[in-house]
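Please look over the sequence and the three-dimensional structure below before reading on. The report that follows takes up a few regions in turn.

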Amino acid sequence: MIRFACLGSGSRGNGLVVEVGDGRHTTRVLVDCGFNCRETVARLARLGLRPADLCGLLVTHEHSDHLGGVFRFAARYGIRVFLTHGTLSCVEAAIQQLAAVEVIDSHLPFKIDGLGARPFPVPHDAREPVQFVFSDGARRLGLLTDTGHATTHVERMLSGVDALILECNHDLRMLESGRYPIWLRRRIASPYGHLDNEAAARLLAVLDRSKLQHLVAAHLSHQNNSAELARSALARAAGCEAEWIGIADQDAGFAWREIR
Ligand SMILES: [Zn+2]
Ligand SMILES: [Zn+2]
C-alpha cells in the first residue's frame, strides 16, 4: 500500500510525505523540505505525524523552496538525507550538522526499507536536479515538478504510474502579461525553468494513464496561475472531470491519498 500527502507546494516551500506499508511495517519519507523547523513540524502534525515518524529526507535539488529547511530539520531529528552529488556540492558547508548524508545516483533506483525510490534527471536550472518514482513493489507514484520541459526519459519514467503529482507552474498568457520582470519571465518559461499548464497537459496526453488513480497538479504559481486553469488543461488531456484532479496548495498541501 502507498499513501502520500503534501505539506505544501509552490515557490514558497515544498514537502511531500510518501509512505509504504505491508500492514506490519511502515516506511515513511519526506521529499524536500522548504519550510523552517517549526512550520514543518506543524504541517506534519496536520497529517497526524511527528518528525520521528520519518526515516529519510529525499532532496530533489538545491533551490531554497525545496532545500531551505532540510539541514536544520534533519540535524535536529537525526534523519538521513538522500541527495545527488550535484545537489550536495551546492551545500557542502552545511552538511557537517547532519546525522547522515547518502549520495544517490540520479539514474539508479534505491531502497529505504520497504520503499523503492527511482530518481530520474530533469531539465531545470539546478546542478543535478532529479524527480522520483516511488514504489512498494506493486504500485507506483510519480513526482514531477521543477522541470523546464518533458524529455523522452521523463515520459518513460512516468508512463503507467498509479498516481501522479505533476507540475502546472504557470499559464503562459498570465506569465507573459504579468508583473514579473522580463529576466524572471524568461527564466520560468525557458527549457530549464518550469512546466506550464499546456506543457504538463501535453506530457499527460502521451503517458499511459490506464492505471492512474490520482492526479494532482502541483507547484502552481501564485501570481501566474489558478487552480481552475491548471485543472482544465489537465482534464482536457486526460479526458476526465476537472474536479477529479487534485491541487497541491501552497498553504494547505493536500490530505492523505491512498493508492489501492
Ligand atoms: Zn520549486
Ligand atoms: Zn527549482
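Why is strand β10 (residues 140-144) largely enclosed by the rest of the structure? In this predicted model, four of the five residues of β10 are buried, so the strand is largely enclosed by what surrounds it. Buried here means a relative accessible area under 20%.

**Strand β10 and its partners**

Two strands pair with β10, and they do so in opposite senses: strand β9 (residues 130-135) is joined to β10 in the antiparallel sense over four bridges, whereas strand β11 (residues 163-167) is joined to β10 in the parallel sense, again over four bridges. On the antiparallel side, Leu141 of β10 stands opposite Phe134, and the hairpin that links β9 to β10 has four residues between the strands, with Gly137 taking a positive phi near 105°. On the parallel side, Gly142 has Leu164 of β11 as its bridge partner. To get from β10 to β11 the chain passes through helix α5 (residues 152-158), and this β-α-β crossover is right-handed.

**The two zinc ions**

The model holds a zinc ion (ligand 1) and a zinc ion (ligand 2), which lie 3.6 Å apart and are bridged by Asp146. The table sets out the protein donors of each ion.

| Ion | Protein donors | Distance | Spacing in sequence |
|---|---|---|---|
| zinc ion (ligand 1) | Asp65 (OD), His66 (NE2), Asp146 (OD), His219 (NE2) | 2.1 to 2.3 Å | D-H-x79-D-x72-H |
| zinc ion (ligand 2) | His61 (NE2), His63 (ND1), His124 (NE2), Asp146 (OD) | 2.2 to 2.4 Å | H-x1-H-x60-H-x21-D |

What arrangement do the donor atoms form around the zinc ion (ligand 1)? The four donor atoms there subtend angles of 91 to 159°, and the arrangement is therefore irregular. Around the zinc ion (ligand 2), the four donor atoms subtend angles of 92 to 169°, which makes that arrangement irregular as well. The pair His63 and His124 links distant parts of the chain, since His63 sits in the loop between β4 (56-58) and α2 (64-67), while His124 sits in the loop between β8 (115-121) and β9, 61 residues apart.

The donor residues can also be described by their accessibility. Asp65 and His66, both donors of the zinc ion (ligand 1), are buried. Among the donors of the zinc ion (ligand 2), His124 has a relative accessible area of 3% and is therefore buried, whereas His63, at 21% relative accessibility, counts as partly exposed.

**Helix α3 and its surroundings**

Which residues of helix α3 (residues 70-77) are buried? They include Val70, Phe71, Phe73 and Ala74. The buried residues of this helix pack against several elements, namely β3 (26-31), α1 (37-46), β4, α2 and β5 (81-84). After α3 comes Gly78, which has a positive phi near 60°.

**Domains**

The protein is divided into domain 1, covering residues 1-104, and domain 2, covering residues 147-247. The C-alpha centres of these two domains lie 23 Å apart, and the contact between them involves 10 residues of domain 1 and eight residues of domain 2.

Methods:
Residues are numbered from 1 along each chain as its sequence is written. Chains are lettered from A and ligands numbered from 1 in the order in which they are written. This is a predicted model: local features need pLDDT of at least 70, side-chain atom pairs count only at pLDDT 80 or more; totals for chains, interfaces and linings use all residues. Side-chain values use heavy atoms; hydrogens and water are left out. Buried means under 20% relative accessible area, exposed over 50%, partly exposed in between (1.4 Å probe, protein chains only). Two strands pair if DSSP finds at least two bridges between them. A crossover is right-handed if, with the strands pointing away from the viewer, the path from the first strand over the helix to the second runs clockwise. Donors are N, O and S atoms within 2.8 Å of the metal (3.2 Å for Na, K and Ca); water is not among the atoms, so sites may look incomplete. Four donors count as tetrahedral if all angles lie between 85 and 135 degrees; four count as square planar and six as octahedral if opposite donors are over 155 degrees apart and all others between 65 and 115; anything else is irregular. Domain bounds come from an automatic or database domain assignment. Contact means heavy atoms within 4.5 Å.
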